[in-house]
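Got your viewer open? Let's take a walk through this one together, stop by stop.

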Amino acid sequence: MSYVDEVYDRVVKQNPGEGEFHQAVKEVLDSLRIVIEANEEKFRKAALLERLVEPERIISFRVPWVDDNGQVRVNKGFRVQFNSAIGPYKGGLRLHPSVNQGILKFLGFEQTFKNSLTGLPIGGGKGGSDFDPKGKSDREVMAFCQSFMTELSKYIGADQDVPAGDIGVGAREIGFLYGQYKRMTGLYEGVLTGKGLTYGGSLVRTQATGYGLIYILDEMLRHNGKELEGKSVVISGSGNVAIYASEKAIQLGAKVVALSDSNGYIYDKNGIRLEVIKEIKEVRRGRIKEYADEVASAVYTEGKGIWTIPCDIALPCATQNELNLEDAKALKANGCFAVAEGANMPSTREATDFFLENGMLFMPGKAANAGGVATSALEMSQNSLRLSWTFEEVDKKLHDIMVGIYEKTAKAAKRYGVKGNYVAGANIAGFEKVVEAMMAQGIV
Ligand code: NDP
């Protein structure tokens, strides 16, 4: 049996019930086969893959807090410190009822390669809780965040592990978490990114994942003789990534016609009005269907189905496995020619294979959504320097980083004879740097 298959079987056996983690490992190892087979003896002897798929550490803890009725509630808290070969652990915190250890392991594993691709010195980590911030009062969210950080603060630090936002964790939550970290440790340091601008946050961090997604999409289109201007775009989700991907796509002349949330989706043939979306989602914390109540040209549909809307470009920006084979076929049949993933692993393996086999341009999340963590690393730099860069400075660095990721990804694919396969390219380019650092650091 090949080394890759042996390690994958071992992952399935040793991590029962963690389907998303198995899926992420399989996708990465399959696309690395060519590289691994060329170095099989060396990697086997060093048990390199066995070490790569095993998190360095997982912290799992109880998060008790009191709701507005005086009732004590208990959630599960986690931090997966996956790989620190090239820098301190870095990766978001997710607050969503679906969170479990397997999902955070998949995200931490992916994060390791993504962070490597950015070219910045950051390792891979991820954390979160099954707490659901939806429908909770500000006080309840604060009580949860304070309890969560009381425990987490023992394991993180500016040079050790630097969490950030993810699903369910935005500026409000980062503020509460930061306040509690400072209170617990007495340290005013860059331990979290996505902070408010008045206490060490970086300009462009809010926009970074969405903007970065469009920067790399634009680069991919241009290298394949196409352009973004005038194209119709369907984006799933209506959170941080979806909103700022929409903003940049519109700025560059595209027309965004649909957005969604976990209840349903809106279609606006005139192109969505982002100021209305921002008011609903960022100010009122409302539901996407309210858009159709306010904008006459829009139609709301309850449930899934956003990928049946005809478009040139599809950008899944909600969550994992939200786009399956049937969706991929519907996109292709309706004329879609490019897909770039704002979310982490939003396309199932079958959908990804379909895109690649049918000549569609496909940029995987690992490369496409790396702008968020890259700008987080820029926030860390500014915190260490005790400086703040201007919006234009950070935006330019973000743009250059995304162009750099495109180049590394495209070149790695070409080097291994799979030109245009950005899935393989991103995995190979991310892997090479981590492996070199791991081999240099001995058996750890
Ligand atoms: P937000 O919480 O801001 O928004 C998430 C959006 O996706 C919401 O519209 C939410 O709808 C929808 N959504 C979440 N879960 C589901 C689900 N199970 N089914 C359908 N819709 C769902 O999160 P972000 O925008 O920050 O994150 C979106 C994705 O991008 C995630 O995969 C995240 O890991 C990834 N990402 C985020 C980065 C960042 O910087 N924020 C960086 C890199 C990747 P509802 O409100 O109804 O729940």
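**First stop: two crossing helices**

Select H15 and H16: H15 passes H16 in a right-handed crossing (the near helix is turned clockwise from the far one by less than a right angle; anticlockwise would be left-handed). Helices here are DSSP runs of H or I with at least four residues, strands are runs of E with at least two, and both are numbered from the N terminus. This is a predicted model, where local features need pLDDT of at least 70, side-chain atom pairs count only at pLDDT 80 or more, and totals for chains, interfaces and linings use all residues. Residues are numbered from 1 along each chain as its sequence is written, and side-chain values use heavy atoms, with hydrogens and water left out.

H15 covers residues 371–385 and H16 covers 391–415; they pack at an angle of about 135°, with axes 10 Å apart. That makes H15 oblique to H16. (Axes are lines fitted to C-alpha atoms, for helices over the stretch in contact, and angles run from 0 to 180 degrees between N-to-C directions; under 35 degrees is roughly parallel, over 145 roughly antiparallel, 65 to 115 roughly perpendicular, and the rest oblique.)

Now show side chains. On the H15 side, Gly371, Ala374, Thr375, Leu378 and Gln382 meet Val394, Lys397, Leu398, Ile401 and Met402 of H16; contact means heavy atoms within 4.5 Å.

**Next: Met220**

Jump to helix H8 (residues 205–223), where you'll find Met220. Is Met220 buried or exposed? It's buried, with a relative accessible area of 0% (buried means under 20%, exposed over 50%, partly exposed in between, using a 1.4 Å probe and protein chains only). Not counting residues up to four places away in sequence, Met220 touches Ala338, Val339, Leu361, Phe362, Met363, Tyr406 and Tyr422. Try a distance too: the C-alpha atoms of Met220 and Gly420 are separated by 9.5 Å, though they sit 200 residues apart along the chain.

**Last stop: strand E8**

Select residues 264–268. Four of the five residues of E8 are buried, so this strand is largely enclosed by the rest of the structure. Which strands pair with E8? Strand E7 (residues 255–260) pairs with E8 in the antiparallel sense over three bridges, and strand E9 (residues 298–302) runs antiparallel to E8, joined by five bridges. (Two strands pair if DSSP finds at least two bridges between them.) A hairpin joins E7 to E8 through three residues. To see single partners, pick Ser260 with Tyr265 in E8, then Tyr267 opposite Val299 in E9.
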